[in-house]
Amino acid sequence: MPNNYQFIFMNRNSNLNSMGLDSLIENCISFFQKNRYRSGSITDYEVLWNVGIRSYMSKHNLDLYNPNVGQAFLEEVTCNRSLEELSYRERSKIRSIRILDDYLLYGYIRKRGKEPVKYLLDGTIGIEMQKYINHVVYARRSKSTIQTYKQHLSYFLKYLNNNGIYDANLIKECHILKYISARSDKSNALAIIKRLLNFWYKNGIIQEDVNDYLKNYHIPIQEKIRSFYLIDEVKKIEQSVDRGSAIGRRNYAMLLLATRLGLRATDIARLSFSSIDWVKNEIVINQHKTEREVRLPLLTDIGNALIEYIKNGRPISESKQIFLVGHAPFIDASAKVVSGALGTLVTQSGVSIGNRHHGPHSMRHSLATTMMDCGTPIPVISSVLGHKSSNTTAKYINIDIESLLKCAMPVPPVDDSFYLQKGGAFYE
C-alpha cells in the first residue's frame with residue numbers, strides 16, 4: 001500500500017505523464033550530449049539532480065517522477081520565498097526541475113528566455129478594443145503589427161482608466177490629445193487611435209465620430225539623417241572580426257551579408273540552406289518585411305565566409321536555417337541575435353560611433369551611400385535593397401551630402417528697391 005506522499009501524488013497526477021527518475025535523467029543527458037552542451041554543464045546538472053530531486057524522492061519512497069513531484073520538491077526548497085531571496089544554488093535547483101519537466105512533457109528541453117510581455121485589454125473599453133484587434137487579425141496583418149497595436153491600445157486603455165474613463169462614449173478630444181502629447185512616439189500612437197475610433201464609429205460602438213476632431217491634427221514628421229559608415233570604416237569593422245572561434249566565423253558571415261548585400265537582420269537570421277544557389281552563385285530570399293523575392297549575387301567573400309562557418313563553426317543541427325545561436329541548445333538565431341552580434345562587432349572594431357546607430361540597418365544605409373557615391377542609379381539600388389518603390393530609396397539621398405552640394409544654387413542678390421517699396425512698408 002502506498003505511503004501518504006505516494007497517495008497524494010497518485011491523486012494529483014492521474015492525468016500527468018510519469019517516468020522513472022533514472023530513465024528521465026538519462027534522456028535529459030542524452031539530449032544535452034546531442035545538442036553539444038558542455039560536459040561541465042552536464043556534470044553540474046547531474047549533481048543538482050542527485051543532491052536535489054533524487055534525494056527528495058528517496059526520502060519519500062517515490063519511484064516515478066512527474067511535474068507535481070517536482071513542484072512539491074521546489075516548495076520545500078523555496079519555502080515560498082521570492083526568487084530574489086533565493087541563493088544561486090537554490091535557483092539552480094529550480095532550473096534542474098524545469099529541465100526534467102520539459103523533457104517529460106515535450107520530449108525536448110526548451111530554451112529559456114524572457115517571458116513575452118502581455119498587453120491586457122480588459123474592462124468595458126478593453127473588450128471593445130479587443131474587437132478591433134480581432135478585426136486586424138482577420139485582415140491578416142503581421143504578428144508584429146498586431147503586437148504593436150495591442151501595445152499602444154493597452155497604454156491608451158491604462159491612461160483612460162487612470163483618468164476615470166470606463167466607457168468608450170466618454171472619450172473626448174481632450175483625452176486623446178493629452179495622451180498623445182505625453183507619448184514619445186506620437187505619430188504611431190495617433191494613427192492607431194484614429195483607426196480604432198473609426199472602427200468603433202462604423203460599427204456603432206461609439207455614437208460620435210471623434211475623428212472629426214482629429215482629421216486636421218497632424219504630427220510634424222522631422223526628417224532624420226540616417227546613420228551610415230564610410231567605406232573605410234566598414235572595411236575596418238570587417239577586418240576587426242576575430243574569426244578564430246565558431247561564433248566569430250558566424251558573426252563574420254552575418255556581417256558581410258549586411259555590409260555587402262544590405263540584408264535586414266530578420267532576413268539574415270532566416271537565411272536557409274535552400275536560399276543559396278551554389279551553381280548560379282545566387283542568394284534567393286523572400287524578404288520578411290516586403291514579402292518580395294529578391295535575387296542577390298553570392299559574392300566570393302560571402303560564399304567563403306558561409307562555407308567556413310558551416311564546415312568549421314556551425315554546431316551539428318537538423319535546422320534548415322544556416323545561423324544558430326552560439327550556445328546549447330543550438331536553436332535558430334533570431335533577428336535580435338543578429339542585431340546584438342553585429343552591434344558588438346561595430347563597438348569593438350575601434351571605429352568611432354558617436355551618435356550613430358550601429359546595427360544591421362546602419363550597414364544597409366552604408367551600402368546605399370556607397371552605391372550612390374559610385375553613381376549607381378536609384379532603380380538599381382532599389383533592386384539591391386529590395387524596395388518596392390524607388391521613392392523609398394530616394395530617402396537615402398539626404399545622406400548623400402556630396403551630391404546635394406552639387407545641386408546647390410546661388411542665391412541671387414536682391415535690389416534695395418525691393419525693401420524700399422511703398423516707403424519702406426516692408427518693415428512696418
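## Contacts, sheet and cores in a predicted model

Leaving out residues up to four places away in sequence, S349 touches K236, I237 and S240. The structure discussed here is a predicted model, and every value below is computed from it. S349 is placed in the loop between helix 15 (335-348) and helix 16 (360-373), and because its relative accessible area is 9%, it counts as buried. A polar atom of the S349 side chain lies 2.7 Å from the backbone oxygen of V346.

E233 offers a second set of contacts, and its place is in helix 11 (residues 231-239). Not counting residues up to four places away in sequence, E233 touches V351, S352 and R356. With R356 the link is also polar, since the side chains of E233 and R356 are joined by a contact of 3.0 Å. In addition, a polar atom of the E233 side chain lies 2.9 Å from the backbone nitrogen of L230.

The polar distances given so far for these two residues are set out below.

| Side chain | Partner | Distance |
|---|---|---|
| S349 | V346, backbone oxygen | 2.7 Å |
| E233 | L230, backbone nitrogen | 2.9 Å |
| E233 | R356, side chain | 3.0 Å |

**The sheet**

Strands of a sheet pair through backbone hydrogen bonds, in either a parallel or an antiparallel sense. In this model three strands form an open sheet in the order 3-4-5, and the pairing is antiparallel. Strand 3 and strand 5 are the edge strands, each of them pairing on one side only.

Strand 3 (residues 276-277) is joined to strand 4 by two bridges: I276 has I283 as its bridge partner in strand 4, and D277 has E282. These two strands form a hairpin with four residues between them, and N281, which lies in the turn, has a positive phi of about 55°. On the other side, strand 4 pairs with strand 5 (residues 293-297) over five bridges, again in the antiparallel sense, and here the bridge partner of E282 in strand 5 is P297. The hairpin of strand 4 and strand 5 has six residues between the strands, and E291 in this hairpin takes a positive phi near 60°.

Which side chains of strand 4 are buried, and which are not? Along strand 4 (residues 282-286) the side chains alternate, so that I283 and I285 point to one face and are buried, whereas E282, V284 and N286 point to the other face and are not. E282, which is bridged to D277 and to P297, therefore belongs to the face that is not buried, where a residue counts as buried under 20% relative accessible area.

**Aromatic side chains**

The structure holds 13 aromatic pairs. One of them joins Y106 and Y108 in a tilted arrangement, at 6.1 Å centre to centre and with 45° between the planes. Y106 has 42% relative accessibility and so counts as partly exposed, and Y108, at 40%, is also partly exposed.

A further pair is formed by F156 and Y179, whose ring centres are 5.0 Å apart and whose planes meet at 50°, so this pair is tilted as well. Because F156 lies in helix 7 (residues 143-162) and Y179 in helix 8 (residues 173-181), the pair ties together parts that are 23 residues apart in sequence. Here F156, at 0% relative accessibility, counts as buried, and Y179 is likewise buried, with a relative accessible area of 4%.

Beyond such pairs, F32, Y37, Y45 and W49 form one aromatic cluster. A ring also meets a charge at R243, the charged end of which sits over the ring of Y252, 4.0 Å from its centre.

**Nonpolar cores**

The largest nonpolar core has 71 residues, of which W49, I53, Y65, L100 and F323 touch the most other members. W49 thus appears both in this core and in the aromatic cluster. Leaving aside neighbours within four places in sequence, F323 is in contact with R250, A253, M254, L257, I268, L271, L306, Y309, D332 and A333. Another core lies apart from the largest one and has 31 residues, among them I146, F156, I176 and L190. F156 is accordingly a member of this other core as well as the ring partner of Y179.

Definitions and conventions:
Residues are numbered from 1 along each chain as its sequence is written. This is a predicted model: local features need pLDDT of at least 70, side-chain atom pairs count only at pLDDT 80 or more; totals for chains, interfaces and linings use all residues. Side-chain values use heavy atoms; hydrogens and water are left out. Rings of Phe, Tyr and Trp (its six-membered ring) pair if their centres lie within 6.5 Å; planes under 30 degrees apart count as stacked, over 60 as edge-to-face and the rest as tilted. Buried means under 20% relative accessible area, exposed over 50%, partly exposed in between (1.4 Å probe, protein chains only). A charge sits over a ring if NZ of Lys or CZ of Arg is within 6 Å of the ring centre and within 35 degrees of the ring normal. A polar contact is a pair of N or O atoms within 3.5 Å; within protein, one must be able to donate a hydrogen and the other to accept it, and residues adjacent in sequence count only if both atoms are side-chain atoms. Contact means heavy atoms within 4.5 Å. Two strands pair if DSSP finds at least two bridges between them. A nonpolar core is a set of buried Ala, Val, Leu, Ile, Met, Phe, Trp, Tyr and Cys residues joined through side-chain atoms within 4.5 Å.
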